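Subject: A structure for you to explore

Hi there,

Here is the structure I promised to pass on to you. Have a look at it first, and then read on for what turned up.

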Amino acid sequence: MTTPPRPRQVIADLPAYVPGRPPAARPGVRTYKLSSNENPYPPLPGIEKAATEALGTLNRYPDMGCTALYAALADRLGVGADELAAGTGSVAVLYHLLQAYCDPGDEVVHAWRSFEAYPIAVTVTGARSVRVPLTSGAEHDVAAMAAAVTDRTKVVVVCTPNNPTGPALTHDELTWLVERVPEHVLVVVDEAYREFVRLPSAADGLALQRTRANVVVMRTLAKAYGLAGLRVGYAVAHPEVAAAVRACALPFGVSSVAQAAAIAALDHEPELMERVEAIVAERDRVLATLRAQGWAVPDTQANFVWLPLGERTPAFAAAAEEAGVVVRPFPEGARVSIGEPAGNDVLLDVAARFGPV
């Protein structure tokens, strides 16, 4: 066997993306997957029907222009179809955007810890990931992020609410940061969890995007809309920026089934938002209980909570799994998705027995 050609060095340097692991089946123990920030509710009948009907055209390529989906999104958001760029999840849209705007040696500024796909997406382009530490409250440090911008910076990524810690930026904080970023630098506002935000002063990326050509808003239908298995995300951007992102997208990336389900999900938004309200109520219950147990938990605005466990994280993850709950461990702590109330109760019992630091 001959030696295979070597990939680019940046590929060898890529950090690994670690997905949320599903629980292993165990006799006599009901298990819960609280590791991937998924919506615990099954698809609504109308959405399932639209997806099933789309299966009848599997012999045909999907609409590469996402015409009907863009029309539905444009109507819902009050933007032009030419301001939209869809992909297989908002993370794919970020990959396309970075390919469009970053050359080797450029810099992309983002908070850390934040969504772990960011440094991977940056590294693939040959650009350099500039990680700005979160504050002691697990929030974006906007002053430090602004200070991290140099003449090599091409993109600044802001995740609000922040994954995996949960806090959301206020609109004043986001505006302050955008005003200090040069106009030739893109500011990408990742709003994957925006439907779960209940902070009155929370940032509104779309409002900023309407007045600033360098602001891009990324959203997804995976979380609140329950389409994680079909992967539909999109960006709202200035038409020239959106066109550049679309130019880098894989042809026929968003499947016919995914497009049909996404349109149906937008049509069933009121019913889906009722489910979101239930998840938010559970989140608030879990957060209040953890704090009553003595945990110093950040004020999450997403569909998960963050336990800053540090070196105790592996032991906590093991204890949770033993009880039937799989969480998402990181070096700094554990992220726990809000799932079914019964699963949340198991998690709370584990947290009470494990005890805060």
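Let's begin with the annotation: which residue does UniProt list for "modified residue: N6-(pyridoxal phosphate)lysine"? The answer is K223, and the listing comes from an unreviewed entry. Please keep in mind that what you have on screen is a predicted model.

Where does K223 lie? You will find K223 in the loop that runs between β7 (215-220) and β8 (233-236). Is K223 buried or exposed? Its relative accessible area is 17%, and because the cut-off for buried is under 20%, K223 counts as buried. If you set aside the neighbours within four places in sequence, K223 is in contact with S36, N37, N39, A192, Y193 and F196.

Now zoom out to the whole protein. It is divided into domain 1 (9-43 + 269-354) and domain 2 (45-267), so you can see that domain 1 is written as two stretches of the chain. The centres of the two domains, taken over C-alpha atoms, are separated by 23 Å. On the domain 1 side, 32 residues take part in the contact, and on the domain 2 side 37 residues do. Between them, domain 1 and domain 2 bury an area of about 2900 Å², and carbon and sulfur atoms give 61% of that.

UniProt also has an entry for a longer span: residues 33-349 are listed, again in an unreviewed entry, as "domain: Aminotransferase class I/classII large". Helix makes up 40% of this span and strand 16%, while its end C-alpha atoms lie 16 Å apart.

Next, the inside. The largest nonpolar core has 63 residues, and the members that touch the most others are L84, L221, L290 and F316. Both domains supply this core, with at least three residues coming from each of domain 1 and domain 2. Another core, of 26 residues, lies apart from it and includes L97, V108, A117 and A242. To see one member of the largest core up close, try L290: not counting residues up to four places away in sequence, L290 touches W295, V297, V305, L307, L348 and A351.

Finally, a helix to practise on. Helix α4 (residues 90-101) has twelve residues and spans 17 Å from its first C-alpha to its last, close to the expected 16 Å. Its buried residues are S90, V91, A92, V93, L94, H96, L97 and L98.

Enjoy exploring!

Best wishes

Technical notes: Residues numbered from 1 in each chain as written. Predicted model: local features only at pLDDT ≥ 70, side-chain atom pairs only at ≥ 80, totals over all residues. Heavy atoms only, no water. UniProt positions renumbered as here; feature names shortened; annotations may be inferred. Helix = DSSP H or I, 4+ residues; strand = E, 2+ residues; numbered from the N terminus. Buried < 20%, exposed > 50% of the residue type's maximum accessible area, 1.4 Å probe, protein only. Contact = heavy atoms within 4.5 Å. Expected span 1.5 Å × (residues − 1). Core = buried A, V, L, I, M, F, W, Y, C linked by side-chain atoms within 4.5 Å. Buried area = accessible area lost by both parts, 1.4 Å probe.
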